[in-house]
Every structure is written in structure tokens, then in C-alpha cells.
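Reader: Please take a close look at the enclosed space inside this protein. I would like the cavities described one by one, with their linings.

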Amino acid sequence: MFPTLGLFQNLPCPDKPRCDRTNCVFSHRPDLTRIPVTPVPVDAPKPAPASKPSASQPTPGSSKSIPAKRPVSSPLRTAATPSNGTTSNEPPKKFLRTGPPQRPVAVPSGTQTSSNGVPILRISAAQSTVAIPVRQAMLKTLYDHFVVLYEDISRFNPTLAAEHALKQEEEVYQKSVKSTYRNAVISSVAALKRRPKPDSMSHPSVGTEAEVLAREEMRKKMQSLKLTAAQLEPYVLTLDELKQWGYIIEIPPGPGGDKPHEEGSIKTCERCTEKFMVKRRDEADHCRFHWGKPFSSKVNGEKRRVYTCCSRTTDEEGCQTGPHVFYETSPEDLHRRHAFTLSRPVNPHHDSALEVVALDCEMIYTTGGMRVARVSVVDSAGKDVLDELIQMDEGVEVIDFNTRFSGITAENHVTAVRPLASIRKSLDAIINSQTIIIGHALENDLKTLRMIHHRCVDTVVLFPHHAGPPYRRALRSLAKEHLGRTIQAAGAAGHSSVEDSVATLDLVRWHLLNGPKPKPK
């Protein structure tokens, strides 16, 4: 048996009354009953006055003692305590499980091109699983093929190839991994080579691979949907709604057509708001004006009104020169230029009229105000049934062909041989009083045709502006958003009434498939 060192002789035996150990290492002295404890100073937490620093902050000269509790400013306690002061049972956020790690996403932050027009990826290398030089090289390859594809339409939008190359590269990156990225780009290039070259911005070949596929799917769905009067009945505007949206619902008083033009009269110019004498095109006086619309914009925190055509403010000089023109809205004035008539009644024996049509017109400025110069009508399947240029009435002379918006030039308008009265007879063959006419801001088309019709479906009403009436969404914007189609993109070459009428028809089809159900009337 080893001798004891006496290390526990100052500690009382815990089994002192019942200890049966022969050589107990603890003390059995009767005067030793308590375990000696070394005193350690302890500071209890005290509430700090509002004007003094927190109790958790040490002050000069204070005792460096062990605190009774972990101070509130402890990182672990702070992480587990919500900001409202209540105690949370959740573990610190750094220890929370947040699910499987997500793949790094690296997408371009904006379109930026080099000196040769190739778009540049503006992304962080740390956020991309594929090396940035590799992606940039693949982007250039896509861009080169988009340039070839868009050769015939690049004049309408010079940056279109760069924009679509960026989008296409992003689509490929999102659906591939590092090992398949190059092959995915090569497949996209092969698909681009197979596409036919587009001749307009609304051609099916325009867009990225995903956009083209989505558009084709939607086109097939809409083509399979043949519009009928029964389907459209809930969307037909009531007489009160027609009035609210500016339709003329009854023939204005007076004989009609008694004053077809205002040549020699004094009118207010719609473009510059100055008074002028109405003169025909070769003799007309000119003014400076903005062809775009003013909108509110903030520059350096200052709100101001600028024009969409040139970004100049409303108090600056116009950006374009053109002849003085005037525009009339009063039903009585319009009736005096050319008489209004109702759409013909239904023929009970034999009627060639269609159930549903979509209609659009193009207008030009004349000595008789704004007059219709082209009308296009398509049936419920989108097939052309009428597309005619219209000759002006006798005595009415052209002031401005308004080509940027009408698409009509002096060269093509000279081929018009039929006046409005003759065109109305052609319209009567396909439209009667029960035909449902589809249009965008259709009241303007019916006014310029001098037609009063009560069964109308207007995409302005189906797709309302977020600010409510009288604000309206542009047809171009609606076609881009819902159909993935670019229309009215010919710039100064103008619009096409056939293209617009088909787009309007397809918007109604889209609304029937995807839009909210109509409210009962």
C-alpha cells in the first residue's frame, strides 16, 4: 500500500459518520465540518441610468471581476434575441439550416456593347460556374449569328441583335451546367441557322429560342380557337359603355356632308396650337412640332415633362417641321364633312355578313380634317377580307399623309380609286347591325368611317390602363406583353392596318384563353 500525501486532510470525509475505510484520505477531525471555499468577487448586474453608458461597458477604475451573467451585448445572446426584446427559442441564425445550396446565378445587368457592336457580359466571375471568357466568346458567336439573321430588319432596331444575343446566352446558361454549356450554345446556333430571315419585326423568327417556342405554342392555341358571336357576347359594350368611351351612338342632327372641307378657313393647328389658314399640301404653311407625346420624367430629383420623340422638355422648340393641320372631334362637325350612317340591318332572306370581324383604319390630314385613307378587315380566323386605300371626297385635298403613323405615302395613295361612300358599300357586304366588330380604340375607326355600330368589342376596355379611364394602353405595348409580338416597328415608314387588326383579334383570343371571366351585365 502506498503512503498518503495528505492532499485531502483539510477536507471533511463525506461519509464521516458511516466511513468504514481503513486508511481514509479525508479528515475525520470533529472540528472540521465545512468545505473551505476561496471567495470570488461577483458583480450583480445593475440597471444603467438613461444618461450613462450601458452597464455592460466597463468604466475606468472599476473592479475587473467575473460578471454574474453573460452581458446582453454578447454575440450569441444578441443573435438569439429578436429586436423587439422578446426571447426567441430559435438557435442563432448562423447555425440555422437554410436548405440545399443554390446554384450561383450570373446574369447580365444591362446591355453594353464593344466598339464592334458585340455585347459585353457585366457579371461577377464569382457568381458564374462557367468561366467569363468562355461565356463572352460564346456570346460573340450568338451575336454574329443574330446579326446575319436580322440583316433585313436591323434598320428598324440596330441594337436588337445584341439584346437577343444576351438573352439567348442567359437562357442557355440557366438551363445547362458547366460540362454541357458549350454544347448547348452550339445547339442554339444551329437552331438560329435553321430559322428563315424575318422581313418584319412581327415575323415568327424574331426572338430568342424560348420566346419563339412560347410564341409558337400560343399561336397554335389561338389558331385552334375560332371566335364566335356567342363567345364574345359577354364582352360586347353596352350603350352606356359606348358613350363612356366616346362612341357616337346616334346620327347627329343636320343633313350631313354639306361642308366637306374648310379650305380658306381659320383653324387652330393641332401640332403647334397656333391659328392658321387651311391650305392644301403644296401651299400649306409649316410649323415646328413634336410628333411624340409628353410624359413626366425625373432628372437629378427634378420632375419635368419631356417628349417621347426627342426627350426635349415641353417648353423647348419642336424637333420636326411639317404643315399646319387640324383635327375635329365634335360629332356635328364630323357629320358636316361626311354624313354618318348606321350599319345596315340584317337581311332575313340571305345575308353575307360575318359574325365576327376585326377592323382597323389609317388616317391622314386633309382640308376636311383627319380622314380615313385605308381600311382593313379580317375575319374571325385572321384572314383578310378587305384591305383598300380610300380616295378623298370631291373638294377635299390632302395636307399631310402622316406617314409615320399611317404608313401611307403620296406614291401609294395615288392608286386609290374608290371614295368612302363606295368603301362603305363593300363594308355592308361583310358587316351588318348584328356583326361583332373587334378593334383597339374602335370609336376612332368608326368615326372616320362615319359608321354607327352598337356591337363592339374594344381591347382598350379588355386591357385597361392601371390609372383607369381616360388613360389607354397602346396596342403595340399589349401585343408585346401578351403575344410576344412586335408591331408598329417600321419607324418613319408607319403602321399597317392589316397587322394591327390581326394583333387586335389575337389579343381578344388571348383574353378568352387567359384573361379574367367577364362580369355579368
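Author: A cavity here is a set of grid points where a 1.4 Å probe fits but cannot get out. The model is predicted, and a search of the whole structure finds 2 cavities of 30 Å³ or more.

The largest cavity has a volume of about 50 Å³. Its lining consists of Tyr 247, Ile 248, Phe 340, Glu 443, Leu 446, Lys 447, Met 451, Ile 452 and His 453. Two elements give two or more residues to this lining, namely helix H12 (442–449) and strand S17 (451–452). Of the elements, H12 gives the most, with 3 residues. By character, the lining of the largest cavity divides into 6 nonpolar, 1 polar and 2 charged residues. The charged ones are Glu 443 and Lys 447, and the polar one is His 453.

The second largest cavity holds about 40 Å³ of space. Around this second cavity lie Arg 371, Val 372, Ile 390, Gln 391, Met 392, Asp 393 and Leu 420. That lining divides into 4 nonpolar, 1 polar and 2 charged residues. Arg 371 and Asp 393 are the charged residues there, while Gln 391 is the polar one.

For contrast with the enclosed space, there is also a nonpolar patch on the surface, formed by Leu 5, Leu 7, Phe 8 and Val 25. Together these four residues have about 440 Å² of accessible area. Val 25 sits in the segment before strand S1 (42–43). Val 25 counts as partly exposed because its relative accessible area is 34%.

Definitions and conventions: Residues numbered from 1 in each chain as written. Predicted model: local features only at pLDDT ≥ 70, side-chain atom pairs only at ≥ 80, totals over all residues. Heavy atoms only, no water. 1 Å grid on protein atoms, 1.4 Å probe; cavity = no way out; pocket = protein on both sides within 12 Å on 5 of 7 lines; lining within 4 Å. Points joined across faces, edges and corners; volume = space filled by probe spheres on them. Helix = DSSP H or I, 4+ residues; strand = E, 2+ residues; numbered from the N terminus. Patch = residues over 30% accessible without salt bridge, like charges linked within 9 Å, V, L, I, M, F, W, Y side chains within 5 Å. Areas by Shrake-Rupley, 256 points an atom, 1.4 Å probe, with all protein chains shown as cover. Salt bridge = Lys/Arg side-chain N within 4 Å of Asp/Glu carboxyl O. Buried < 20%, exposed > 50% of the residue type's maximum accessible area, 1.4 Å probe, protein only.
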